[in-house]
Amino acid sequence: LLSLLQQWALLALSACSSVCCLCCLLGLLVAIGLTLGNQGRVLLAPCSISNTALAPVSRECPFDPTRAYVSPPWAGD
C-alpha cells in the first residue's frame, strides 16, 4: 500500500490537475461563447475578400476550415 507521504502527494497532484482542467474548461467555454456571441465574424475579419463566402479561399485568411494542414513526408521536420 501507499505510505502517508505518497497519499498526500497523490492528493496534491490530483487537486492541481483538477484545477488545471477546470481552468482549461473555463477558457474553452469563454472562447466558444465569444465565437457564438459575435457569430464567428472575428474569425474571418482579417480576410481581405469582402465576400465572406469566399474568404476561406483567400491566402491572406488565417482561418481556413477547409484546408488540411499536413506536411508532405519529403518536407522534413
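The exercises below work through a predicted model of a protein chain, each with a solution in steps.

**Exercise 1. Determine how many helices and strands the protein chain has, and how the span of α1 compares with the expected one.**

Solution. Begin with the secondary structure of the protein chain, which consists of 2 helices and 0 strands. Turn next to α1, which covers residues 4-37 and therefore has to be judged as a helix of 34 residues, for which the expected span is 1.5 Å times one less than that number. The distance from the first C-alpha of α1 to its last is 49 Å, close to the expected 50 Å. Finally, look just past the end of α1, where Q39 adopts a positive phi of about 55°.

**Exercise 2. Work out what share of the residues is buried, and which residues make the nonpolar surface patch.**

Solution. Take the whole chain before any single residue: of its 77 residues, 10% count as buried, and the chain exposes about 6,800 Å², with carbon and sulfur atoms supplying 71% of that area. Then locate the nonpolar patch, which is formed by L22, L25, L28, L29, I32 and L36 and has an area of about 610 Å². As a last step, consider one of these residues, L28, which lies in helix α1. Because its relative accessibility is 49%, and exposed requires over 50%, L28 is classed as partly exposed.

**Exercise 3. Decide how many disulfides there are, and explain what the sulfur distances of C21 and C24 show.**

Solution. The cut-off needed here is that two cysteine sulfur atoms must lie within 2.5 Å, and by this rule the count is 0 disulfides. For C21, the nearest cysteine sulfur belongs to C24 and is 6.8 Å away, and C21 is in no disulfide. For C24, the nearest cysteine sulfur is that of C20, at 6.7 Å, and C24 likewise takes part in no disulfide. The accessibility of C24 completes the answer: C24 counts as exposed because its relative accessibility is 58%.

**Exercise 4. Place L2 relative to α1, and find which residues L2 is in contact with once its neighbours within four places in sequence are left aside.**

Solution. Start from position: L2 is found in the segment before α1. With the neighbours within four places in sequence set aside, the contacts of L2 are with Q7 and L10, and both can be placed in α1, given that this helix covers residues 4-37. To finish, L2 is classed as partly exposed because its relative accessible area is 47%.

Definitions and conventions. Residues are numbered from 1 along each chain as its sequence is written. This is a predicted model: local features need pLDDT of at least 70, side-chain atom pairs count only at pLDDT 80 or more; totals for chains, interfaces and linings use all residues. Side-chain values use heavy atoms; hydrogens and water are left out. Patches are made of residues with over 30% relative accessible area and no salt bridge: like charges are joined within 9 Å, nonpolar side chains (Val, Leu, Ile, Met, Phe, Trp, Tyr) within 5 Å. Accessible areas come from the Shrake-Rupley method with a 1.4 Å probe; for residues, only the protein chains shown count as cover. A salt bridge is a side-chain nitrogen of Lys or Arg within 4 Å of a carboxyl oxygen of Asp or Glu. Buried means under 20% relative accessible area, exposed over 50%, partly exposed in between (1.4 Å probe, protein chains only). Contact means heavy atoms within 4.5 Å.
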